[in-house]
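Here's a quick tour of one protein model, starting with a helix and how it sits among its neighbours. Have a look at the fold before reading on.

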Amino acid sequence: MPIPLILASRSEGRATLLRQAGVPFETVPAALDEAAVKAAMLAEAAPPRDVADMLADLKARRVAARRPGTLVLGADQVLVSAGRLYDKPRNLGEAADQLRRLRGATHELLAAAVVYENGRPVWRHIGGARLTMRRFTDAFLEGYLARHGESLLATVGAYHLEGGGAQLFSRVEGDYFSVLGLPLLELLGFLRTRGVCPE
């Protein structure tokens, strides 16, 4: 029997969420120049939620074109603070700079998910959360970076809220799963309507 869902992403975090929720899926990463798409949209002053939605849509569309008859899930997450969109840090120096800018402030995470079938979108959702970082010390930041190292480079915020990153925050409001990169509960609701997950 064919796998009923394809995840068009290299994200191990999203794959883990689906796996732990018991969703049968296959991973087929989409070839997409995300930086170029994001730069073009920002040049047109696109809102952050539109950037997340477009990136998720393009990932799903690319893979769906090669896999007709299957449900293909594309997802993307953006972090915005004080009108600035953040990318994944490229090294620990950038991670440190980013965390210093976010320290003591509230930022928003938006997680977009789009499902394609037979070349067209059949479902989409954008989840979100607002997170307030506490005013941690430079000494704490240095220890945090030393403990977690390059694993922080895999996330747009340079933190894993489900792990040691929780120590960075004083308040989190909104959808927990969107913080992890996927509006999981809404996606599961859709997948149940399609028989991928049991009712």
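This is a predicted model, so let's begin with helix α4. The buried residues of α4 pack against four strands and a helix: β3 (71–81), β4 (84–86), β5 (106–117), β6 (120–133) and α5 (138–148). Which residues of α4 are these? Within the helix, residues 92–102, the buried ones are A95, A96, Q98, L99 and L102. They sit on the same side of α4, because the arc they cover around the axis is only 165 degrees. That fits the usual helix geometry: with 3.6 residues a turn, residues three or four places apart point the same way.

The two ends of α4 have their own details. At its start, N91 brings a side-chain oxygen to within 3.0 Å of the backbone nitrogen of G93. Just after the helix, G104 adopts a positive phi of about 75 degrees.

Most residues other than glycine have a negative phi. Two non-glycine residues here go the other way, and the table sets them next to G104.

| Residue | Phi | Where |
|---|---|---|
| G104 | about 75 degrees | just after α4 |
| N118 | about 50 degrees | loop between β5 and β6 |
| A158 | about 60 degrees | loop between α5 and β7 (169–174) |

Is N118 buried or exposed? N118 is exposed, since its relative accessible area is 51% and the cut-off for exposed is over 50%. A158 counts as buried, because its relative accessibility is 0%.

Now over to helix α3 (residues 48–64), where D57 lies. D57 counts as buried because its relative accessibility is 5%, and buried means under 20%. What does its side chain pair with? The side chain of D57 makes a polar contact with the side chain of R61, at 2.7 Å. Leaving aside residues up to four places away in sequence, D57 also touches V114, Y116, P121 and R124.

Stepping back to the whole protein, there are seven helices and seven strands. From the N terminus on, they run β-α-β-α-α-β-β-α-β-β-α-β-α-α. The protein is as compact as a globular protein of its length, because its radius of gyration is 17 Å, close to the 16 Å that the globule rule gives for 199 residues. Its C-alpha atoms fill a box of roughly 55 × 35 × 25 Å along the principal axes.

Of the 199 residues, 48% are buried. Take the contacts between residues at least 6 apart in sequence: 66% of them join residues at least 24 apart. As for the outside, the accessible surface comes to about 9700 Å², and carbon and sulfur atoms account for 51% of that.

Note on methods: Residues are numbered from 1 along each chain as its sequence is written. This is a predicted model: local features need pLDDT of at least 70, side-chain atom pairs count only at pLDDT 80 or more; totals for chains, interfaces and linings use all residues. Side-chain values use heavy atoms; hydrogens and water are left out. Buried means under 20% relative accessible area, exposed over 50%, partly exposed in between (1.4 Å probe, protein chains only). A polar contact is a pair of N or O atoms within 3.5 Å; within protein, one must be able to donate a hydrogen and the other to accept it, and residues adjacent in sequence count only if both atoms are side-chain atoms. Contact means heavy atoms within 4.5 Å. The arc is that of the directions from the helix axis to the C-beta atoms. The radius of gyration is taken over C-alpha atoms; the globule rule is 2.2 Å times the number of residues to the power 0.38. Accessible areas come from the Shrake-Rupley method with a 1.4 Å probe; for residues, only the protein chains shown count as cover.
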